[in-house]
Amino acid sequence: MNQPTTLARLLDEMDSGQHKAAELLESCFERIDADDDTNAQIYTRRFDRTARAEADAIDRQREAGLAGGQLAGLPIALKALFDVKGEITHAGSRGWQAPAQTDALIVSRLRREGAVITGHTNMTEFAYSGVGLNPHYGTPDNPLAPGRIPGGSSSGAAVAVARGMAAGAIGTDTGGSVRIPAAFCGLVGFKPSQSRVPRDGTFPLSDSLDSIGPIAPTVDCCARLDGVLSGRQFQPLRPLSLKGMRFVVPTDYMLDDLDNTVAQAFGCSLNRLRDAGANIIEAPAPVLAAIPELMEGGGFTAAESYFVHRQSLADHGDQYDPRVRSRIERGADITAADYLELCRRRQQRKQEADEWLQDYDGLLAPTVPVVPPRFEELTADEDYARLNLLILRNPTVANMLDLCSITLPNHKPGYLPGGLMLIGRNGTDDTLLRLAQAVEQVL
């Protein structure tokens, strides 16, 4: 498996006897052996022994004519913040050393449906940035644009899928950390409504904003993985016509400061949707203008991550990435009264957003306002801070307002990627996936 292949095709090939799960896994390991770099790791830990045992068990089940589950034999990678029994959930750091006692709930669900867990993938330390840099394990190069960042924080997850080192990967999304690397690596990334996928056994960044979602080659692939993560039986996405669908494009906030490549790709995408019969309504979105007030002083992420890390910072704060540590420490200045006021404001904005979105079938925006920056553009701390905030700006909307959202590739061959993002109301995940598949077919 040298290039991203759909999960449906891989399952069909294994069911027909064209390939075995063990062969599929070995092809992933061969790619890792050939292309992973110890100075810029894609995987920080491979689970060779258990993965081979899982793949062999699936092959024996198939040979015996037994059903092996919805993901039987598919090699799936995990961001290094999901507990895997016996492995260290380091979350991109060097400070955590205790092995997990049990699997995270989503890992149990993946195993139960026959997924072959290939390993833990690299990430921004504690998932606290959208660019994907990691000084401890190095940062994998962008597979579509060498010399540029892969996006984060689920950097290794997206790169592993794009380079054929896994059929799909699971990440977390607190401000875009599934959708940003998916967009920068030319893949699909789905952030569900937060309550859809349980987070037991997941290292937290922000309890208010964290969501768990898949990165994979297509919408159908993401829907299959989401079905397992959310404890649902996957049903093929029923076709949906875009004719007459109403999509709102905010004329402010999410379209500010687009670079030319992203603006052109977004404009082409809107034209294709219009040609397919969709109504594109450009309108101001006052509720979005209130998003920055929810992030003042670091907002939920700083307050809630400081709660998690305050003792560790005191014990071994010198082991933290200084760029991550400084942002976590901002939470020390947020009082209980500040935090409760933040919760009140967020609840109000969520209600306003839900009422506003009731008039539309979805919101469309560029996933990221800029193409992947070159690594050297992030050398200076002030440039890192500016670009990180800009890259996080659009996807964070769905986290702050607890909406579901998905990014789709929309770049032309040979052009740098940026992604088209579709956002739906909280709890409309199934409809959003159907819409996304219809959009995917016209892009």
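Which element gives the largest share of the lining of the largest pocket? These close-ups come from a predicted model, and the pocket views at the end pick the question up.

**View 1. Helix α3, end to end.** Helix α3 takes in residues 48-63, 16 residues in total. At 1.5 Å a residue it should span 22 Å, and its end C-alpha atoms do sit 22 Å apart, so the expected and modelled lengths agree. Just look past the helix for glycine 65, which follows α3 and has a positive phi, near 75°.

**View 2. The two sides of α3.** Ala51, Glu54, Ala55, Ile58 and Asp59 are the buried residues here. Looking down the axis of α3, you'd find them within an arc of 135°, so they line one face of the helix. Flip to the other side of α3 and you get exposed Arg49, Arg60 and Glu63.

**View 3. What α3 packs against.** The buried residues of α3 have three partners to pack against: α2 (21-35), α4 (105-112) and β3 (116-121).

**View 4. The largest pocket.** This one holds about 640 Å³ of space. Its lining runs to 28 residues, with Tyr128, Arg327, Asn388, Leu389 and Leu392 lying nearest the centre. Elements that chip in two or more lining residues are α10 (299-316), α11 (322-329) and α13 (381-400).

**View 5. Who lines the pocket, and with what.** Back to the opening question: α13 gives the largest share of the lining of the largest pocket, with eight residues. By residue class, the lining splits into 13 nonpolar, 11 polar and four charged.

Note on methods. Residues are numbered from 1 along each chain as its sequence is written. This is a predicted model: local features need pLDDT of at least 70, side-chain atom pairs count only at pLDDT 80 or more; totals for chains, interfaces and linings use all residues. Side-chain values use heavy atoms; hydrogens and water are left out. Helices (H or I, at least four residues) and strands (E, at least two) are DSSP runs, numbered from the N terminus. The expected span of a helix is 1.5 Å times one less than its number of residues. Buried means under 20% relative accessible area, exposed over 50%, partly exposed in between (1.4 Å probe, protein chains only). The arc is that of the directions from the helix axis to the C-beta atoms. Contact means heavy atoms within 4.5 Å. On a 1 Å grid over the protein atoms alone, a cavity is a set of points where a 1.4 Å probe fits but cannot get out, and a pocket is an open set with protein on both sides within 12 Å along at least five of seven lines; lining residues have an atom within 4 Å of a point. Grid points are joined across faces, edges and corners, and a volume is the space filled by probe spheres set on the points. Ala, Val, Leu, Ile, Met, Phe, Trp, Tyr, Cys and Pro count as nonpolar, Asp, Glu, Lys and Arg as charged, and the others, Gly among them, as polar.
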